Amino acid sequence: MLIVDELNRANIPKVFGELLFLLEYRGESVVPLYRPDGFQLPENLWVIATMNTADRSIATIDAALRRRFHFVGIFPDQAPVAGLLHRYFDERGGDAQWADLVDMVNEELRAHMGNGDLLIGPSHFMKPDLDVDAMARVWRYDIEPFLEDQFFGDQSTIDNYRWPKVLARHRKRQGIEQPGVTAAPADDADEPDAAGGGTP
């Protein structure tokens, strides 16, 4: 088994070279410069490559490569990743409300974008003793910069995903009260519509 991580970040022709041919024609052989006696891929070799569809460099993946691979989408709101954060908190004794919050935001993002490419994965939040302060730090320094880049130029959408508004929407939706925690009010004007943006 050969595993290639972040395939779309590489210069694929240089990485694979003659393998691009051999991936499709396992019964053939080639004579690369470093192997004058010829080279052939074994029939039992599996090649697994990963890529992040939120990365704009995915546009460099051409049809010649695509036809040599089966593509399997793995998104945070679909099995096997869906529910992973809830299971993590159940096993570690964490606060499941943060998993609910991430699910809420992912629902908004999917409605806004129409796909799962920008959904937020669970690994950001798989930390012991994740309280509201730790959650705020993760959101502000990990999640907000990512969303700012993806929604560049759309300030109203960016503002709707700031931590105070996200926390306020979550608390309003779940009816959760956090003693001593103050969040920005979530009035009707700030509530996101089905597309994820605010109402002017």
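Which residues form a nonpolar patch on the surface, and how much accessible area do they have together? The patch is made of Met1, Ile3, Trp46 and Ile48, and together these residues have about 510 Å² of accessible area. Keep in mind as you look around that this is a predicted model.

**The surface patch and its tryptophan**

Trp46 is a good place to start. This tryptophan sits in the loop that runs between α2 (19-24) and β2 (47-49). Its relative accessibility is 63%, and because exposed means over 50%, Trp46 counts as exposed.

**Two nonpolar cores**

Now to the interior. The largest nonpolar core has 29 residues. Those with the most contacts inside this core are Trp98, Leu101, Val105, Phe125, Met135, Trp139 and Trp163. Four helices each supply at least two residues of the core: α4 (84-92), α5 (97-113), α6 (132-150) and α8 (163-174). Of the core residues, 8 come from α6, which is the largest share.

If you would like one residue to centre your view on, try Trp163. Apart from neighbours within four places in sequence, this tryptophan is in contact with Trp98, Leu101, Met135 and Trp139, among others. Its contacts also include Val132 and Ala136, along with Arg140 and Glu144.

There is a second core too, separate from the one above, with 11 residues. Leu7, Phe16, Leu23 and Leu41 are among them.

**Backbone features worth a look**

Most residues other than glycine have a negative phi, and most peptide bonds are trans. Against that background, here are three places to inspect in the backbone.

| Site | Backbone feature | Angle |
|---|---|---|
| Ala79 and Pro80 | cis peptide bond | omega about 10 degrees |
| Glu6 | positive phi, not a glycine | phi about 55 degrees |
| Asp129 | positive phi, not a glycine | phi about 55 degrees |

Each site can be placed on the chain. Pro80, which is joined to Ala79 by the cis bond, is found in the loop between α3 (63-66) and α4. Glu6 lies in the loop between β1 (2-4) and α1 (12-16), while Asp129 belongs to the loop between α5 and α6.

Are the two residues with positive phi buried or exposed? Glu6 has a relative accessible area of 28%, so this glutamate is partly exposed. Asp129 reaches 72% relative accessibility, and therefore counts as exposed.

Note on methods. Residues are numbered from 1 along each chain as its sequence is written. This is a predicted model: local features need pLDDT of at least 70, side-chain atom pairs count only at pLDDT 80 or more; totals for chains, interfaces and linings use all residues. Side-chain values use heavy atoms; hydrogens and water are left out. A nonpolar core is a set of buried Ala, Val, Leu, Ile, Met, Phe, Trp, Tyr and Cys residues joined through side-chain atoms within 4.5 Å. Buried means under 20% relative accessible area, exposed over 50%, partly exposed in between (1.4 Å probe, protein chains only). Contact means heavy atoms within 4.5 Å. Patches are made of residues with over 30% relative accessible area and no salt bridge: like charges are joined within 9 Å, nonpolar side chains (Val, Leu, Ile, Met, Phe, Trp, Tyr) within 5 Å. Accessible areas come from the Shrake-Rupley method with a 1.4 Å probe; for residues, only the protein chains shown count as cover. A salt bridge is a side-chain nitrogen of Lys or Arg within 4 Å of a carboxyl oxygen of Asp or Glu.
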